[in-house]
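Student: Please pick one part of this model and take me through it closely, in one connected account. I would like to know what surrounds it and how its residues are placed.

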Amino acid sequence: MEKIKIVIIGAGVRGRYTYGDFIKNNQETCEVVAVVENKIGRRKKFKEIFSLPDDKVFENINDFFEKEKMADAVIICSSDNTHFLACEKALEKGYDILVEGPVTNSLDKLVNLQGLCEKNKDKIF
């Protein structure tokens, strides 16, 4: 079985210690292939922990989503107000998503994400 390739969006407490530690302890099934984090110290530490090359470390989601799809899934654990935009961009790129709550604070935006999931045959968890 191939490893699941994952991008972490938000390398704060949950990104680093919850999901990052889980992935580090389950390297036979999954691996971090990139990180998106706006705080330089967190970015550098995540890069070091997961031995990521410079071209897989991103300061913002716009830079990340400009690149070709590089993973199977993204884990979105950035600030709550960024979840909808990150989900929308990830679905448009064809990523499956694990997102911290809240996904969005708007029913209209949630319906929009449902439509993107159905269109692209992707999933949000």
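Tutor: A pocket here is an open set of points on a 1 Å grid over the protein atoms alone, where a 1.4 Å probe fits, with protein on both sides within 12 Å along at least five of seven lines, and its lining residues have an atom within 4 Å of a point. The model is a predicted one, in which local features need pLDDT of at least 70 and side-chain atom pairs pLDDT 80 or more, while totals for chains, interfaces and linings use all residues. Residues are numbered from 1 along each chain, and side-chain values use heavy atoms without hydrogens or water.

The largest pocket holds about 300 Å³ of space (the volume filled by probe spheres set on points joined across faces, edges and corners). Its lining comprises 16 residues, and those closest to its centre are Gly10, Asn38, Ser78, Ser79 and Thr82.

The part to look at closely is helix H4, which covers residues 83-93 (helices, of at least four residues, H or I, and strands, of at least two, E, are DSSP runs numbered from the N terminus). In H4, the residues His83, Phe84, Ala86, Cys87, Glu88, Ala90 and Leu91 are buried (under 20% relative accessible area with a 1.4 Å probe, protein chains only). An α-helix has 3.6 residues a turn, so residues three or four places apart point the same way. The buried residues of H4 pack against helix H3 (61-65), strand E4 (73-76), strand E5 (96-99) and helix H5 (107-120). Directly after H4 comes Gly94, whose phi is positive, at about 95°.

One partner of H4 can be followed through Ile61, a residue of helix H3, which counts as buried because its relative accessibility is 16%. Setting aside neighbours within four places in sequence, Ile61 is in contact (heavy atoms within 4.5 Å) with Ile9, Val36, Leu85, Ala86 and Lys89. Although Ile61 and Val36 are 25 residues apart in sequence, their C-alpha atoms are 6.4 Å apart in space.

The largest nonpolar core (buried Ala, Val, Leu, Ile, Met, Phe, Trp, Tyr and Cys joined through side-chain atoms within 4.5 Å) has 24 residues, and among those with the most contacts inside it are Phe64, Val74 and Tyr95. Two or more residues come from each of strand E1 (4-9), strand E2 (30-36), H3, E4, H4, E5 and H5, and H4 gives the most, with 5 residues. Beyond residues up to four places away in sequence, Phe64 touches Val7, Ile9, Val36, Phe58, Met70, Val74 and Tyr95. Apart from this core lies another, of 14 residues, including Ile6, Tyr19, Phe46 and Val57.

How values were computed. Buried < 20%, exposed > 50% of the residue type's maximum accessible area, 1.4 Å probe, protein only.
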